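Student: Could you walk me through the cysteines and then the strands of this one?
Tutor: Gladly, with the structure in view.

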2 protein chains.
Amino acid sequence: MPATERVDLVLLGFGGVAKRFVELLEARRARLPFATRVIGVATARHGCALSPAGLDAPAAARGKAVAACHDAACGRPPRDAFELLARAAAAGAEAGAGRRLVVVENTPYGAADGRPGVDHVRAALDAGADVVTANKGPAAFAWPELRDRAAAAGARFRFEGAVLDGLPVFSLVRDTLPGVAVRAFRGIVNTTTNHVLSAIDRGRTLDEAVAEMQAAGIAEADASHDVDGWDAAAKTAILANVLLDADMTPHDVSRTGLRTVDPAAARAARAAGRAVKLVASAGRRNGSVTAAVRPVELPGHDPLARLDDTAKGLSLDTDLLGTIQITKSASGPDHTAYALLADLVSLHRP
Amino acid sequence: MPATERVDLVLLGFGGVAKRFVELLEARRARLPFATRVIGVATARHGCALSPAGLDAPAAARGKAVAACHDAACGRPPRDAFELLARAAAAGAEAGAGRRLVVVENTPYGAADGRPGVDHVRAALDAGADVVTANKGPAAFAWPELRDRAAAAGARFRFEGAVLDGLPVFSLVRDTLPGVAVRAFRGIVNTTTNHVLSAIDRGRTLDEAVAEMQAAGIAEADASHDVDGWDAAAKTAILANVLLDADMTPHDVSRTGLRTVDPAAARAARAAGRAVKLVASAGRRNGSVTAAVRPVELPGHDPLARLDDTAKGLSLDTDLLGTIQITKSASGPDHTAYALLADLVSLHRP
């Protein structure tokens, strides 16, 4: 028997990943071991909606205005995510036992300080809700605080989609490797830069490769977040915080981006069977954790050397099982949406 | 809070892996979320012991005679594994609630029909005990029956160590990839043959390589079980049974061993950046599952191509996340012992 009979979802942020999550949830609904409904949606620019009896999230994912999903019977629409959270939690408390509130946080990453994600997760945990997110901000900027806050509230905070788009990493270590200590890791965690490096190997310049990625919708208009290693640094901070019990932010990660890569040298390495990759890594030295993102020329036998284009993955140095690698051949927003679903299921495993 | 307060273990088979498991359990005891004790040990040639209050398993692992571990206060020693199981279950029932019996089955693999492992698991499940094992026999020869028998008894049957020595495969799919369907897999699952192929690449003949493995204690005196692909076929049957919902035994796996490999061709492939590997694979075609073990020349970019010596791993073709690979750089009996511990912990996760 599932531990929870009914799960009420509040969606904070309603962009592409959140919409794909709603579609995936709808497609898989019949196979889930618990009933779900979406009772609230908050957006920054398109209003908020609360409907304690459940709103038509698939219609909203297909384009129905969020404001039109609000149930006027429960008063005016919430002003923002925080008011939505408070009112959704109060509605759940009124409705009584057998309901569990889960907040699905997918607002844009706040590169400077993780906000608003950090604030949303904090408010959700304090309201007693579980949180799942693919937003890097909360675990990259406030892991120890949010971990402890979740424990104090008896709530869970999951973010499998924040680092490797649904490839299991945190659940891998937590659920399948009990008692195993991770001593260090190395990984390829950013799609745009890996794609760019593969394009450089095929003869492009950095600028040409970035322009191609932008035209394909893979890289953002301002590519510096990827190219200068900031996205990888955020993911490295999350991995170090969770796997190595660190207390760091992206600003604590030593960071060298792609602009230092010599295309001719990268192509020469490739011709010799090696590969230049933007490697995220961290390990414990003298009791403290150091982390870095930098281009590294990998030998051909390194499992990370074969991860080209949108492939990504992680190599874990463990105490009991030597080195374990988990990799995937491709990535995309559908995978990130799946990560949210996997996190949701993990919260309600019988 | 753990679901179970106290776990009573019965060890069927007490060879190298079981002894390492006992040592690992002892070393990790303080960190487990439940109390354990070993209340019985059965061996084929060195007698059996039952001690409902717990026996000194670490002493037995260090060489104390099994027969000397028996508690005479509970009558004469059990004659065999089946009597031990029945008496251990009865002792647990007498002792009342809060105890959970777990059978750790590690008798030798029965290549013809999976016995005695299949019989041991059947008897254990029927007695209401959970089972963990690194023995390939039960899941290779009787998966649907034992799966259904466990469900009917409200018991669990786990065998993470039977295929990849502690590298998570079954728990990976079960616990970290909820709702993901595996459509096919390819893997390198046998240490001896992979080691032999790496040695052939370095200039050895098949016979020289096998002799080296035997001298190093990696291959058995009769190497045909490995060299002719029988070990890999058993592991392939397990993977196909569990991941693809098949109903097959090792005899149903199309099997070509290493004797067909031309060493010169293998070395030429290696020189060209490719690699000949003994690949275990299965997939669903027209509604039925077909499985094979055979030498395959892999392209250099294949993640399996880089798994040399005692490395091993699996590539899973999934419906939602594309292709996922999980690999490890080395294998050994300590890893198999860890798999038993991981299975034990997974049974009693809070």
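Student: Is Cys69(A) buried or exposed?
Tutor: Cys69(A) is buried, at 8% relative accessibility, where buried means under 20% relative accessible area, exposed over 50% and partly exposed in between, with a 1.4 Å probe and protein chains only. This is a predicted model, in which local features need pLDDT of at least 70 and side-chain atom pairs count only at pLDDT 80 or more, while totals for chains, interfaces and linings use all residues. Residues are numbered from 1 along each chain as its sequence is written, chains are lettered from A and ligands numbered from 1 in the order in which they are written, and side-chain values use heavy atoms, with hydrogens and water left out.

Student: And why no bond from Cys69(A)?
Tutor: Because the closest cysteine sulfur, in Cys48(A), is 12 Å from the sulfur of Cys69(A), too far for a bond; a disulfide needs two cysteine sulfur atoms within 2.5 Å. Cys48(A) is also buried, with a relative accessible area of 3%.

Student: How many disulfides over all chains, then?
Tutor: The count is zero over all chains.

Student: Switching to strands, how do E9 and E10 of chain B pair?
Tutor: Strand E9 (residues 275-285) of chain B and strand E10 (residues 288-298) of chain B pair in the antiparallel sense over eleven bridges, where pairing requires that DSSP finds at least two bridges between two strands, and strands are DSSP runs of E with at least two residues, helices runs of H or I with at least four, numbered from the N terminus.

Student: Which residue does Ser281(B) bridge to?
Tutor: Its bridge partner in E10(B) is Ala292(B).
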